[in-house]
Amino acid sequence: MVIDLSDALGAPLRERNVIMLAAGYAPMHLEEEPGHVSFEIDRALQRMLRQHEPFPAIVMGRTWNFFASNDAAPRFFGRFVNLASRPSPRNLLHLALDPDGLRPFSEGFDEIARSLLQRVRREAVGGVLDEPSRTLLSELTAYRPESQPLAAGRNDGLPVIPRSRSVCTQPSIRSRNAP
């Protein structure tokens, strides 16, 4: 019954473990430490990254930190941002929303920011943010003064930002680090 309820609620696997523990059962899903995945999973991820060339591809964790990328990803992001100046692990949300990141190169920035922040909130079960998500949201919303909150507006429920909404200007015209 606990498993059926978790399925019906669409609870993420991490939260299903919490539900199982609260009901007096052992967790059902193993939680890998970041960067410590099985050999088979790592091999599959590396193959997917290679197959995605020449297009950028990244593997991210739950809090949007980069774990791995193909060769095209740093070349792409490096056209807009000095990646050497970014802390490690790099975080896609910080890269996208930071005024010194991709933000100046994004058309429709307010809609992009709203969509990304709503997705972070939506990924929290029942609207209850865990500490890593709360910290991330606090850092991200600090990029703007309170008079211009990033999260204002409607939620269109899309899991991704449509291409027409997130088009970057041509790197050859506006890139900071173009060769």
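1. Let me start with a pair worth clicking on: the side chains of Glu-53 and Arg-75 meet in a salt bridge, with N to O at 3.7 Å. Glu-53 sits in the loop between helix 3 (39–51) and strand 1, and Arg-75 sits in helix 4 (residues 72–78), so this pair ties together parts that are 22 residues apart in sequence. Glu-53 counts as partly exposed, at 27% relative accessibility. Keep in mind throughout that this is a predicted model.

2. How many salt bridges does a search of the whole structure find? The count is 3. Besides the Glu-53 and Arg-75 pair, there is one between Arg-86 and Asp-98, whose closest N and O atoms are 3.0 Å apart. That pair links distant parts of the chain: Arg-86 is in the loop between helix 4 and helix 5, while Asp-98 is in the loop between helix 5 and helix 6 (109–122), 12 residues apart. Both partners are under the 20% cut-off for burial: Arg-86 is buried at a relative accessible area of 16%, and Asp-98 counts as buried at 11%.

3. Then there is Arg-16, which forms a salt bridge with Asp-7, the closest N and O atoms being 2.4 Å apart. Are the two partners buried or exposed? Arg-16 is buried, with a relative accessible area of 17%, whereas Asp-7 counts as partly exposed at 42%.

4. Stepping back to the overall layout, the protein chain has 8 helices and 2 strands. Reading from the N terminus, the order is α-α-α-β-β-α-α-α-α-α. Of its 179 residues, 28% count as buried. The accessible surface comes to about 11700 Å², and 56% of that belongs to carbon and sulfur atoms. As for the contacts between residues at least 6 apart in sequence, 51% join residues at least 24 apart.

5. Now the β part. Strand 1 (residues 58–60) and strand 2 (residues 66–69) run antiparallel and are joined by 3 bridges. If you want a register check, Val-59 has Ala-68 in strand 2 as its bridge partner. The two strands form a hairpin with 5 residues between them, and Trp-64 in the turn has a positive phi of about 70 degrees.

6. Stay on that turn for a moment, and look at Thr-63, which is in the loop between strand 1 and strand 2. Thr-63 is buried, with a relative accessible area of 19%; that is under the 20% cut-off. What does Thr-63 touch, leaving aside its neighbours within four places in sequence? Its contacts are Asn-91, Pro-132 and Leu-136.

7. Trp-64 turns up again in the largest nonpolar core, which has 23 residues. The residues with the most contacts inside this core are Trp-64, Phe-77, Leu-93, Leu-95, Leu-97 and Leu-116. Helix 4, helix 5, helix 6 and helix 7 (131–141) each supply at least two of the core residues. Which helix gives the most? Helix 6 does, with 6 residues. As general background, nonpolar side chains tend to be buried together in soluble globular proteins.

8. His-94 deserves a look too. This residue is found in helix 5 (residues 92–97) and is buried, with a relative accessible area of 18%. The His-94 side chain makes a polar contact of 2.8 Å with the side chain of Glu-139. Setting aside neighbours within four places in sequence, His-94 is in contact with Arg-86, Leu-136, Glu-139, Leu-140 and Tyr-143. Two of these names have come up already: Arg-86 is the salt-bridge partner of Asp-98, and Leu-136 is also in contact with Thr-63.

9. Last one: Ser-106, in the loop between helix 5 and helix 6. Where is its side chain held by a backbone atom? A polar atom of the Ser-106 side chain lies 3.1 Å from the backbone oxygen of Leu-102. Ser-106 counts as buried, at 17% relative accessibility. The C-alpha atoms of Ser-106 and Ala-96 are separated by 8.5 Å, with the two residues 10 apart along the chain.

Technical notes:
Residues numbered from 1 in each chain as written. Predicted model: local features only at pLDDT ≥ 70, side-chain atom pairs only at ≥ 80, totals over all residues. Heavy atoms only, no water. Helix = DSSP H or I, 4+ residues; strand = E, 2+ residues; numbered from the N terminus. Buried < 20%, exposed > 50% of the residue type's maximum accessible area, 1.4 Å probe, protein only. Contact = heavy atoms within 4.5 Å. Areas by Shrake-Rupley, 256 points an atom, 1.4 Å probe, with all protein chains shown as cover. Pairing = 2+ DSSP bridges. Polar contact = N/O pair within 3.5 Å; in protein donor to acceptor, adjacent residues only side chain to side chain. Salt bridge = Lys/Arg side-chain N within 4 Å of Asp/Glu carboxyl O. Core = buried A, V, L, I, M, F, W, Y, C linked by side-chain atoms within 4.5 Å.
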